[in-house]
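Work through the following exercises with the sequence and the model open side by side. Each task is followed by a solution that goes step by step.

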Amino acid sequence: MYAAVRRYEGVTDSAEAARLVNEGFVPLMRQVSGFVAYYWIDAGDGVMVSTSVFRDRAGAEESISRAADFVRANLAALLPNPPEVVAGEVVASA
């Protein structure tokens, strides 16, 4: 399995970001080949984190691309700063 984690700082409205992600982005993630799970986390203080899990590297990489496109088109005002992106193979899980 592979995962992609994106950390967003400076989120201007976490409730609205969560609504838009849940209604618009989650369905896009479910369409990506090898989809396993997706989580959108409100870490507080204007920080939100997404975690996408896929069966293979190609799915994780596609999720990064789709996330960038979705943020540009739908969330630019709410997520004004580019995310810190970390991706790689899942080497332990529970």
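A residue is called buried when its relative accessible area is under 20%, exposed when that area is over 50%, and partly exposed in between (1.4 Å probe, protein chains only). Helices (H or I, at least four residues) and strands (E, at least two) are DSSP runs, numbered from the N terminus. The model is a predicted one, in which local features need pLDDT of at least 70 and side-chain atom pairs count only at pLDDT 80 or more, whereas totals for chains, interfaces and linings use all residues. Residues are numbered from 1 along each chain as its sequence is written, and side-chain values use heavy atoms, with hydrogens and water left out.

**Exercise 1. Establish which residues of β3 point one way and which the other, and state how enclosed the strand is.**

Step 1. In a regular strand the side chains alternate between the two faces of the sheet.
Step 2. In β3, V47, V49, T51 and V53 point one way, while M48, S50, S52 and F54 point the other way, and all of them are buried.
Step 3. Because eight of the eight residues of β3 are buried, this strand is largely enclosed by the rest of the structure.

**Exercise 2. Work out the order of the strands in the sheet and find the edge strands.**

Step 1. Two strands are taken to pair if DSSP finds at least two bridges between them.
Step 2. On that basis four strands form an open sheet in the order β2-β3-β1-β4, with antiparallel pairing.
Step 3. The edge strands, each of which pairs on one side only, are β2 and β4 (84–89), and the twist averages 10° from one strand to the next.
Step 4. β2 and β3 are joined by eight bridges, and β1 and β3 also pair in the antiparallel sense over eight bridges.
Step 5. To check the register, find Y38 opposite S52, D42 opposite M48, and Y2 with F54 as its bridge partner.
Step 6. The hairpin of β2 and β3 has two residues between the strands, and there D45 takes a positive phi near 55°.

**Exercise 3. Describe how the two helices lie on the sheet and against each other.**

Step 1. Contact here means heavy atoms within 4.5 Å, and axes are lines fitted to C-alpha atoms, for helices over the stretch in contact, with angles running from 0 to 180 degrees between N-to-C directions.
Step 2. α1 packs on the sheet, where it touches β1 (2–9), β2 and β3, and its direction makes about 170° with that of β2.
Step 3. α2 lies across β1, β3 and β4, running at about 25° to β1.
Step 4. The two helices, α1 and α2, pack at an angle of about 145°, with their axes 11 Å apart.
Step 5. The residues making this contact include A17, V21 and F25 of α1, together with S63, A67 and F70 of α2.

**Exercise 4. Identify the residues of the largest nonpolar core that touch the most other members.**

Step 1. A nonpolar core is a set of buried Ala, Val, Leu, Ile, Met, Phe, Trp, Tyr and Cys residues joined through side-chain atoms within 4.5 Å.
Step 2. The largest such core has 20 residues, of which Y8, V21, F25, Y38, W40, L75 and L79 touch the most other members.
Step 3. Two or more residues each come from α1 (14–31), β2 (35–44), β3 (47–54) and α2 (57–75), and α1 gives the most, with six residues.
Step 4. Beyond four places in sequence, V21 touches V26, Y38, W40 and L75.
Step 5. Y8 belongs to strand β1 and counts as buried because its relative accessible area is 4%; Y8 and V49 are 41 residues apart in sequence, yet 6.1 Å apart in space, C-alpha to C-alpha.

**Exercise 5. Compare the surroundings of D42 and S63: which is buried and which is partly exposed?**

Step 1. D42 is in strand β2 and is partly exposed because its relative accessibility is 47%.
Step 2. A polar contact (a pair of N or O atoms within 3.5 Å; within protein, one must be able to donate a hydrogen and the other to accept it, and residues adjacent in sequence count only if both atoms are side-chain atoms) of 3.3 Å joins the side chains of D42 and S14.
Step 3. The D42 side chain also reaches the backbone nitrogen of G44 at 2.9 Å.
Step 4. S63, in helix α2, is buried because its relative accessibility is 0%.
Step 5. A polar atom of the S63 side chain lies 2.7 Å from the backbone oxygen of A60.
Step 6. Leaving aside neighbours within four places in sequence, S63 is in contact with A4, R6, F25, M29, S52 and F54.
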